[in-house]
Amino acid sequence: MNHISPTIWQFLVKWLTNFALFPPEASKIAPQMDALLFFMVLVSLIGLTIVVLLIVSFSILYNKKRHPVAVQVEGSTLLEATWTIIPLGLFLVMFVWGALIYFRVYTPPANSMNIYVVGKQWMWKAEHPGGQHEINALHVPTGRAVQLTLISQDVFHSFSVPAFRVKREAIPGRYTTVWFEATVPGTYHLFCTQYCGTNHSQMTGDIVVMTPEDFRKWLASSTSGASLAQNGERLFASLSCAACHNTRPDARGPNLSGVYGAKLPLASGGTVIADDAYLREAILNPSQHVTQGYAPIMPTYQGQISEEGVIALLEYIKNLDSDYRVQQTLNTTDMLPGSEGKAPAAEKAPASKGTVKP
Amino acid sequence: MPDNPVTSQGASGAAKHAGSADNADILHAGHPPYLRHHFNSTEQQADTANFAMWLFLLTEVMFFGGLFTAYLIYRNWYYPAFVAGSHQLNVVWGTTNTFVLILSSFTMAMGVWCAETRRRKGLVLCLTLTFILGLCFLGIKTIEYREKIEMHHVPGFHYSLQSFLDPASNPEVFKEYHDQPLALDMARHTEIYFSLYFLMTGMHALHMIIGIGILAFMIFRARSGAYTAGHVTFVENFGLYWHFVDIVWIYLFALLYLISRHQ
Amino acid sequence: MSTNAIISLPDQSTARIPKDNFITRENGLLSWLLTGDHKRIAILYLISITFFFFIGGALAGLIRLELLTPQTDLMATDTYNKVFTMHGIIMIFFFLVPSVPATLGNFFIPMMIGAKDLALPKINLLSWYLYMAGGILAVYTMASGGVDTGWTFTTPLSTHYVNTNVLTTGLAVFVAGFSSILTGLNFIVTIHKMRAPGMTWFRLPLFIWAHYAASILMVLATPVVAIAIVLVALERTFGIGVFDPIKGGDPLLFQHLFWFYSHPAVYIMILPGMGVISEVISTFSRKRIFGYTAVAFSSVAIAVFGFFVWAHHMFIMGISNYAVLVFSLLTMLVAVPSAIKIFNWTFTLYKGSITFETPMIYAFGFLGLFTIGGMTGVFLGASGTDIHLTETYFIVAHFHFVMVGGMLMAFLSGIHFWWPKITGRMYPEKISQFAAVVTFIGFNLTFFPQFILGVLGMPRRYASYPPEFQVLNVFSTAGATILGVGYLLPVLYLIWSLKYGAIAGNNPWQATGLEWQTQSPPLTENFAVMPIMDHEAYDYEWLEQQQQAHKESEATHAG
């Protein structure tokens, strides 16, 4: 021990105690992803071993001293076929297996709980439907499918949670989604993995996974007073959207209740499912997305509403009496303490704690 | 093997290299002066240059290909904006320019023929005509660009949406197409149309300018008979380049001016 | 028939450097700067890429130093961003892309096919000047404030959100791109039109096949990145809107255009290296490459498939799921030819007569490291695991295994292999074997921990990182120091060998390529008599017959 400096010794001890080859598995998809990774590592190790064994044994058997005259061998179609077909087969297995996982990661289940995440230089802003805002942090419950709808306000960012094995790029001008179901309570790393400028390496945060019980408490303690939908309603009123989008028979715009998730016929022909992406486009670039039977008179709101504003409007439209609303209210409000059905968190928040910005 | 003519020629060439390389007469003894020393024959040299030119044109195809891809994607997305944008272009000037270029391709082809049949005066005449037609093309393009600048249709420089929000404000175009006003969001996308218009025609014009520069150099050399003594590779290859630039224009003309004329 | 066509081998013991060769033919700086000789241009390239390699290497050293600790203590984050950006740009555009093709390819393609020069010598010189112009501009950019977009120039970051020298860097890459196009074009034309009599396509050394495939990629892919850079420059200066989501443009379009070049570019970088490995392994195991046609066609297959996999860089960027399926499948297909090559090289050793000179040690290093690099590429090509591994240090480790472990090993292997031919002198064998082993160890210590870091989730391009990643980073930095020594050694002893190295003679390795059948250093016109190819590539029996015949004729002369 005397020969090793204490600093290095401590360093090594620290390393050996913390040594890990894999990050913690904290989501439902993580073990599935790891199974494929292990399979790939195994195949690679076998492949590498074969190559190295062949090289070493040939080097020993046929080195110049032992084997002074080379015997010319042309090649072998059988061998060529072997090392074409076996790797191809293995790669195809990995392709199919990988694609299955890919589709699973990026196809959220129907009744997942949706959280919006806006990326900007250099922070992550998460918006819960109940109106809870978080910066560089995300609180989620275990045992519940959580869908993230991501968008960026400026450059490309990437929302990466290694412990969940999920990652999705946040792109300016377009929604992307990813989902996960956390399994183990704890605090995990959140990284921005797409290079986004000067403070890219500081665009990190914490993913806090809580038991449903704790999550309910957290939601209650960090509400900002108004739910996202309520904010949206306020915005809807202040932008005078209701001047056209109302229920009167002579309304100039389509009635928006029940529109979310519906199949809409378009003026330009064809139909479209009114999802988040469609609604966002219809607000910012309305002329391309006119519903059949209406004149293209809606002005564009590009440059007038922030991404957060669009999100609030979407949440409001979603909550206008539709199937979705029923699900959504079920999803979010049954998390709230003592809530019976409707009324999203209205009680005043106690002193906000941690990273939560009211 | 020494009776193999190719080999013996190679050998003699190499032997001469080994000695003093000062005297060009000795160096070029036994083969035409334009045959470079690493080639075995003039045919090989001409073949090689020709092949290289075709490869270069392939590179050019990929270069313009990136722009065409962008054009097709955005046209698909913002069709009304692209229609309205293309209505702002002057088809008469465009057609004239197409004919100017096709004519210049003809004179260029005649030039290549003159060079091959060693007609010095014919070659100079053809090249000069090509030169003038090329300048004509650029002149007309300048007129078109000036119209766009006056209408504030240059992206990034006080781009104006007026012609699209209120088509009647531009009676000449309105008379012909009776465009409906575009919604503001779609009108904004006309900027992408004009970006691509200026990029594609600008890249093309740049190729024209380079071509005209080379033409001027060629006319100068052709007058002293440089291309009418058997070595016509340069003229042939330039011909290929000029025809390529012509073909690119024909695609541009169709995409930018024609296919959106009638909705 | 060709017995007389090829200069006979002098006795190794009495060999002298021939008085007339391409180095001594003309003197003075201008005779180099205005030369049309492919060998001299190759040497100009060799000197300049070494220069850029050490600039890039110094930047890599700075990166590793900064990452020694989790905090940003050596430099500020924006300095760090500039450092890794310039490291990427210089290493990729000014070292990896031209490394083997512009030096070894330039020197040996004409010699291997029995030509006197490349088809277009002036264009060849022009491409060196373009390369230098681009390189000097890049270094100037670095000196005058640098650029921090990452080498990928991602929009809208590069167009709207950074204030650094994007335009000059873009111009540098654009100009260097033309250099690459012209080199590729020159190679294709040369291989098609300048082959010696009897040199049919299937008698070409595999080095030529590999360069042919890489050249196709250079000619067809590079113009697309050129136009992408033009668009970035215009978007940045005038705001034309093509990549600006606010104006309706699509930033993903840039990614498509950029990766349409930059994915094939990795094959531009690795294919010539594979060509070197084929030559070296054949020579030092005294055997024809196992499955010659399979190796030749696998190069072409890589070039063809290489064009249709670009979107695998965008699996998590919200492109359609079905596009992901197609590109993932194609990525799997492009991995197969590489596997075929690996196994064919390995089986070339079978029943050979193997010796372990430095080039062979580097080639063995290549085989091991490239196998790891290739397999981890499959990890990333499978769409599911790509989600977890992309944009982390796993990617960094993967492409360094391919580029540094693969390409740089191949480059060093080739430099040592052909050093006697280029200079007429041998490098010192013992110390260079030592350097090869040091490089191998240093490389693994540097980059293997990065795989683990990547799996653990450490993002790339981070100036600071959570403290639990420190230990592996310390290993990596320690390895980089060893690697640095491994790279400095060859520079020192190769320069030493220019004056003190043993005389090499024409064919010290007893290799079969046409380039070895002439004097070293070669004549300006390569061959005193035009060679005629009357045998297959890697025909060692033919070589023996030649030597036998030569000995007999010498004996009669002496008699």
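Two strands pair if DSSP finds at least two bridges between them. With that in mind, welcome to four close-up views of this predicted model.

**View 1. Strands E9 and E10 of chain A pair in the antiparallel sense.** Here we look at E9(A) beside strand E10 (residues 205-210), with 5 bridges between these two strands of chain A. To find your place in this view, look for Leu190(A), which stands opposite Gly205(A) in E10(A). Zooming out a little, E10 and E9 belong to an open sheet of 5 strands in chain A, ordered E4-E10-E9-E6-E7, and its pairing is mixed. Strand E4 (137-141) and E7 of chain A form the edges, each pairing on one side only. On average, neighbouring strands of the sheet are turned by 20° against each other, direction ignored. Also in this view is helix H4 (residues 212-221) of chain A, which lies across E4 and E10 of chain A and runs at about 130° to E4(A).

**View 2. Chain A meets chain C.** In this contact, 79 residues of chain A face 74 residues of chain C. On the chain A side, the elements that give two or more residues are helices H1 (6-18), H2 (29-61) and H3 (77-106), together with strands E6 (157-161), E7 (166-170) and E9 (186-192). The biggest giver is H3(A), with 19 residues. Sorted by character, the chain A residues that touch chain C comprise 47 nonpolar, 24 polar and 8 charged.

**View 3. Helices H3 and H5 of chain C pack together.** Two packed helices are described by the angle between their axes and the distance between the axes. For H3 (residues 77-96) and H5 (residues 121-143) of chain C, the angle is about 175° and the axes are 11 Å apart. Angles over 145 degrees count as roughly antiparallel, so H3(C) is roughly antiparallel to H5(C). From H3(C) come Met86(C), Ile89(C), Ile90(C) and Phe94(C), which meet Gly135(C), Ala138(C) and Met142(C) of H5(C). The residues of this contact of H3(C) with H5(C) are 6 nonpolar and 1 polar, with no charged residue.

**View 4. Helix H15 of chain C and the glycine that follows it.** H15(C) takes in residues 429-456, which makes 28 residues. How far does H15(C) reach from its first C-alpha to its last? The span of H15(C) is 41 Å, close to the 40 Å expected at 1.5 Å a residue. Just after H15(C), look for Gly457(C), whose phi is positive, near 110°.

Methods. Residues are numbered from 1 along each chain as its sequence is written. Chains are lettered from A and ligands numbered from 1 in the order in which they are written. This is a predicted model: local features need pLDDT of at least 70, side-chain atom pairs count only at pLDDT 80 or more; totals for chains, interfaces and linings use all residues. Two residues are in contact if their C-beta atoms, placed from the backbone, lie within 7 Å. Helices (H or I, at least four residues) and strands (E, at least two) are DSSP runs, numbered from the N terminus. Ala, Val, Leu, Ile, Met, Phe, Trp, Tyr, Cys and Pro count as nonpolar, Asp, Glu, Lys and Arg as charged, and the others, Gly among them, as polar. Axes are lines fitted to C-alpha atoms, for helices over the stretch in contact, and angles run from 0 to 180 degrees between N-to-C directions. Angles under 35 degrees count as roughly parallel, over 145 as roughly antiparallel, 65 to 115 as roughly perpendicular and the rest as oblique. The expected span of a helix is 1.5 Å times one less than its number of residues.
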